[in-house]
Amino acid sequence: MQLTPIVLWSDALLFALIAICIFYARQAARHAHLRAPWARVRRNAAGLASATVLIPFVLIGVLDSVHYRPLLEAKAGSATARYSVEVKSLLDVVAGAALGKMIGKSEKTYSAPLATHAFSKETIDIPGSGGARQVREYPRLVAGGAHLKDPVHDWGRDVGVNALRGVVLGAVVWLALAFVLLAMAQPAPHHRLAASWRAVWAGETETPWRAVLLTLLAICIAGALAVTLGSRYHLLGTDKVGQDVFYLSLKSIRTGLLIGTLTTLVMLPLGVLLGITAGYFRGWVDDLIQYIYTTLNSVPGVLLIAASVLMMQVYIDTHPQLFQTAVERADFRLLALCFILGVTSWTGLCRLLRGEALKLRELEYVQAAQAFGVSRFRIIVRHLLPNVMHLVIISAVMDFSGMVLTEAVLSYVGVGVDPTMTSFGSMINAARLEMSREPMVWWSLAAAFFFMFTLVLAANLFADAVRDAFDPRLVVKRPRLNLIRVKAR
Amino acid sequence: MTAYIVRRILYALVILIGVNIITFWLFFKVNTPDDIARLQLGAKRVTPDAIAKWKAERGYDKPLFFNARAEGAKALTDTIFYEKSVTMFAFEFGRADDGRDIAYEIRTRAPASLALAVPMFIVGLGINISFALLMAMFRATRFDFWGVVYCVAMMSVSSLFFIIAGQYVFSKLWHLVPISGYAEGLSATKFLILPVAIGVFASIGGSTRLYRTIFIEEMARDYVRTARAKGLSELTVLFKHVLKNGMIPILTGVVVVIPSLFTGSLLTESFFGIPGLGSYTIEAIGAQDFGIVRSMVFIGAVLYIIGLVLTDISYTLVDPRVTLE
């Protein structure tokens with residue numbers, strides 16, 4: 001064995017979550033009433049385009065969740081295989097193949113995006129003088145632009161040529177993808193490709209393929225640029241210890257996704273169970289549950305999280321024997337953070353579901369079930385739960401983006417993820433201190449904010465689409481973005 | 001009404017006891033004072049003596065609930081639970097790790113927090129409502145469309161970005177205001193203007209969109225149609241009828257945060273070096289000063305509950321149909 005796979009707790013939970021999603025998707029595909037709202041999401045251009053943006057994020061997150069420990073070179077005479085304490089992921093392999101030498105700690109310290117020379121001057125020995133003569137200069141980078149013989153002269157041309165190659169490569173990949181997608185979906189009748197293309201560009205297809213394909217084009221070109229430029233230069237520069245910022249941003253995606261999704265995994269069971277119980281049973285159960293959530297609500301969120309995280313940090317520090325590697329410790333802290341965030345944020349959903357259950361329990365079909373002697377448990381599972389599911393799905397997707405933003409704030413306050421773990425928050429936190437540098441080191445901040453913005457914006461738009469599709473009351477209330485077109489006709 | 005308020009206050013007390021139990025459980029049961037002492041003293045060079053000294057300095061060396069060695073009522077009062085948790089109800093918070101009185105610190109820091117939070121709240125609310133009303137007025141036009149797009153985009157930007165970018169552009173690049181700091185009295189204005197502006201700007205987003213929805217819903221009601229049918233101008237309808245009624249859910253919704261303005265905003269205060277309660281809390285978290293964190297949790301809970309009671313009362317004030325029973 002060249003490597004030993006590692007399944008961190010967060011990986012396991014993420015895969016469990018994916019399994020749940022696949023299970024739900026199969027269920028939804030079978031039943032028309034579950035399929036209908038998703039079909040509405042599919043017809044929403046903004047929603048579908050944002051889903052197209054989310055897919056690469058999710059792929060990167062999943063790739064980054066397959067962990068292993070590489071084999072160390074065996075010492076002579078030792079029979080047992082020894083594995084490195086450094087935990088790697090599949091993303092490292094993929095990024096290593098695509099970005100080459102850029103990943104890892106390839107440089108000494110800061111360098112600007114696409115730079116060939118370091119950001120600050122260093123004392124360098126003049127070659128041939130034997131160290132007797134030195135000069136203050138911007139040293140060449142070890143990896144970034146190393147293929148250039150005369151960086152001052154060749155740099156502009158090389159960047160331009162590679163950017164062009166990226167655009168062309170992206171366009172080619174996009175064309176291939178678009179043909180496959182359209183051949184599979186066949187938006188026009190009679191399976192004619194030309195007709196399909198025309199319908200797509202005119203925006204006449206029921207599924208907004210034009211929006212999807214345009215988004216896909218942007219993603220393909222960005223991805224191709226990342227490969228053609230990113231394998232020759234540090235696309236977004238390097239940070240203080242010389243790590244490639246672009247690669248760090250890719251690694252941060254997993255943290256953001258995990259915080260957003262695993263928190264939901266904690267929040268949903270609590271909110272659903274307690275909310276429905278309170279609304280259905282009423283009486284002292286309702287009083288108790290209301291008391292619990294008012295109490296939790298009345299503690300300021302950040303403070304409760306901060307207090308819990310501080311306490312958890314004490315636990316981690318007093319039980320070092322539980323964690324074999326630094327990654328496992330960071331992973332435990334991440335999980336605990338998700339747990340704490342989940343425990344502090346289920347109250348909104350609980351209140352919502354309580355109100356809904358109060359309404360539902362008076363409806364005829366529930367009364368009828370009661371009259372037939374159906375047990376309370378069965379009534380909750382068969383009659384109440386399916387009828388509040390749309391609220392659960394809406395709140396799950398709506399909360400995701402908020403959690404990603406919260407992580408950054410918490411990491412800044414010092415109660416977020418483990419400092420060794422790459423996340424948008426820790427990137428911002430590390431870069432914040434460089435604000436006072438002259439000229440400013442802006443690229444770490446810009447990269448973190450850009451990736452976070454893209455992820456959160458896509459999540460927000462997708463959540464909007466889901467809410468519009470699932471909430472029957474909102475269909476009439478909210479004038480949708482396509483109102484303008486309706487008016488123009 | 002009076003009976004209702006008395007009942008609410010009693011209920012508030014019960015909730016506060018709950019908050020107190022949660023914090024006590026978090027800070028003294030999940031991890032014992034020994035663990036905390038070990039963490040604060042540094043895990044390596046820690047001796048039992050040092051831990052005992054650390055605990056004695058902070059009064060953590062007593063039993064949790066029942067002191068068997070003390071006599072009479074002291075068996076209950078000479079405990080951590082009584083000294084650290086029960087006394088909070090009298091707003092006695094004890095001393096911070098640096099020996100200062102927490103209650104005194106809170107009193108001296110609250111004005112700075114208020115000086116930042118109150119203008120931010122009022123101006124922010126005003127701008128949010130005006131923007132939402134404008135969008136509702138020009139609903140289903142390009143302005144409305146791009147307004148909503150703008151709100152969604154603003155919702156997706158981290159609040160850290162606004163602060164960092166604002167500080168960079170206005171303080172570092174253009175040297176309009178000092179980057180951070182604070183002064184007493186009127187001279188505080190030049191320190192406060194940027195954080196307030198950034199806070200107001202960053203507040204546009206989710207709530208603006210919500211208010212827009214509220215106004216648009218209100219505009220679809222029968223009384224608005226009647227007002228239009230009477231021949232009132234669109235502006236009169238909007239400002240005299242829609243705005244007034246739309247304000248009911250908006251105002252009652254924001255009343256709950258008004259008391260919490262005291263505790264200030266964590267991020268803005270710590271970025272701009274304003275010596276309010278928000279930065280106090282952040283410093284305490286950074287220094288792992290559990291006494292301060294516990295006190296702030298308690299104060300936050302008290303203010304939130306006051307906000308809840310105020311919300312109930314404000315319903316009766318703005319909507320005569322609502323009575324409290």
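With which residue does E105(B) form a salt bridge, and how far apart are the closest N and O atoms? In this predicted model, the partner of E105(B) is R100(B), with the closest N and O atoms 3.3 Å apart, where a salt bridge is a side-chain nitrogen of Lys or Arg within 4 Å of a carboxyl oxygen of Asp or Glu. E105(B) is buried at a relative accessible area of 9%, whereas R100(B), at 47%, is partly exposed; buried means under 20% relative accessible area, exposed over 50%, and partly exposed in between (1.4 Å probe, protein chains only). Salt bridges that share partners join R100(B), E105(B), R109(B) and E283(B) into one network.

Residues are numbered from 1 along each chain as its sequence is written, and chains are lettered from A and ligands numbered from 1 in the order in which they are written. Because the model is predicted, local features need pLDDT of at least 70 and side-chain atom pairs count only at pLDDT 80 or more, while totals for chains, interfaces and linings use all residues; side-chain values use heavy atoms, with hydrogens and water left out.

**Salt bridges**

Over all chains, the count comes to 17 salt bridges, and three of the pairs are set out here.

| Pair | Closest N to O distance |
|---|---|
| R209(B) and D464(A) | 2.7 Å |
| R8(B) and D312(B) | 2.7 Å |
| E105(B) and R100(B) | 3.3 Å |

R209(B) lies in helix α10 of chain B and D464(A) in helix α16 (residues 443-470) of chain A, so this pair joins two chains; helices (H or I, at least four residues) are DSSP runs, numbered from the N terminus. Both R209(B) and D464(A) are buried. R8(B) and D312(B) are likewise both buried, and their pair links distant parts of the chain, with R8(B) in helix α1 and D312(B) in helix α15 of chain B, 304 residues apart.

**Where the chains meet**

Contact, meaning heavy atoms within 4.5 Å, involves 53 residues of chain B and 51 residues of chain A. The two chains bury about 4500 Å² between them, 77% of it on carbon and sulfur atoms, where buried area is the accessible area (1.4 Å probe) that two parts lose on being put together, summed over both. S156(B), I164(B) and I285(B) supply 12% of the area that chain B buries against chain A, more than any other three residues. Between chain B and chain A the count is one salt bridge.

**Helix α14 of chain B and two buried residues**

One of the residues just named, I285(B), is among the buried residues of α14(B), which also include L277(B) and Y280(B). Eight of the 11 residues of α14(B) are buried, so this helix is largely enclosed by the rest of the structure. The cover over these buried residues includes α10 (301-318) and α14 (376-413) of chain A, together with α6 (102-137), α13 and α15 of chain B.

T208(B), placed in helix α10 of chain B, is buried with a relative accessible area of 0%. Leaving aside neighbours within four places in sequence, T208(B) is in contact with residues including N128(B), F131(B) and C151(B). In chain A, A357(A) is found in helix α12 (residues 347-360) and counts as buried at 1% relative accessibility.

**Confidence**

The mean pLDDT of chain A is 83, and 91% of its residues reach 70 or more, pLDDT being the predictor's confidence in each residue, from 0 to 100. Over residues 475-489 of chain A the pLDDT is below 50. Where pLDDT is low, the predicted coordinates should not be read in detail.
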